Amino acid sequence: MALKKAGKILAAFWLVALLFGCVREAADVSPPQSLEGLDSLARDVERVQSLRAVKDLQRSYAQYGQFGLWGDMADLFAENAQVEWGPDQVNGREAIASWLMQRGGGEDGLAPGALNTEFIDEPLVNLSVDGDSAKGRWMSLAFKGDGKGRAWFEGGLYENDYVREAGVWKIAVMRYFPQYEGDYAEGWTNVDGMDLPHVPYHFTVDETGV
C-alpha cells in the first residue's frame, strides 16, 4: 500500500516538473522574435492586398470603358498621370478625361449600338521594395463598334506604372503598344503592316515571381 502511494507521489512530482519545464521554455521565447514574425506576416498580407488592388484597378478601367464612363475611367489615374498611346502622349488627369471621351466618340456614354469591350488580362505585376508603387504588364484585346455599321478589333500590350496616392492605388503611367488591328469583315493584321514592336519588360528573368 505504501509502495503504491509512493508511486503516485513520484508520478505527481514528474508531472509537476514536466509542466514547469514547458512553462519555462515558453517564457524563454523572446517577445521581439514574436513581434518580428507578426510584422513580417502583416507586411506580406499588405503586399498581397496591394497586388490585388492594382489588378482590380486595371480591370475597373476596362469595365468602365465598356459602358463609356470616361469620367470614372479618368478618376482611376493619379493627379499627374501620363498616357503614352502609340505616338500620342497625354499629361494630367483632366487632359486624360478629355482624351478618353474623344476616343470614345466625343460624348458621355456610348452611342446607341456602339461597342467598346476590352479584355485586359494575363497580368504580371511587381511591387517596389517600399510597396508604394508597382509596374504591370498586360495583354489587351478590344472589340470595337461605332453603332453605325463599322466593327473592328484592336490588340496590343500595356506596360503600366502604378502609385499609391493618399492611400489609394492609381494609374501613374499607362503605356499602350499597338500590335494588330482590323475590321470584322477582313480580320486583323499588324498595325500599318509593320513588324510587331519590341515591348521592353519592366522586370528581369531573375525578378520573375518575386
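Here is a quick look at the salt bridges and two unusual backbone angles in this predicted model.

Let's start with the charged pairs. The count of salt bridges comes to 10, and three of them are set out below.

| Salt bridge | N to O distance | Accessibility of each partner |
|---|---|---|
| R93 and E79 | 3.2 Å | R93 21%, E79 46% |
| R164 and D132 | 3.2 Å | R164 23%, D132 38% |
| D161 and K135 | 3.1 Å | D161 14%, K135 36% |

Take R93 and E79, which meet in a salt bridge. R93 sits in helix α4 and E79 in strand β1, 14 residues apart, and the pair links distant parts of the chain. R93 is partly exposed, and E79 is partly exposed too.

R164 and D132 also pair up through their side chains. R164 belongs to strand β5 while D132 is in the loop between β3 and β4, so this bridge ties together parts 32 residues apart in sequence.

Then there's D161 with K135. This one runs from strand β5 to strand β4, with the two positions 26 residues apart in numbering. D161 counts as buried, because its 14% falls under the 20% cut-off, whereas K135 is partly exposed. Both belong to a salt-bridge network that also takes in E84 and R175.

Now for the backbone. A166 isn't a glycine, yet its phi is positive, at about 55 degrees. A166 is found in the loop between β5 and β6 and is exposed at 83%. D192 has a positive phi as well, near 60 degrees. D192 lies in the segment after β7 and, at 66%, counts as exposed.

Notes
Residues numbered from 1 in each chain as written. Predicted model: local features only at pLDDT ≥ 70, side-chain atom pairs only at ≥ 80, totals over all residues. Heavy atoms only, no water. Helix = DSSP H or I, 4+ residues; strand = E, 2+ residues; numbered from the N terminus. Buried < 20%, exposed > 50% of the residue type's maximum accessible area, 1.4 Å probe, protein only. Salt bridge = Lys/Arg side-chain N within 4 Å of Asp/Glu carboxyl O.
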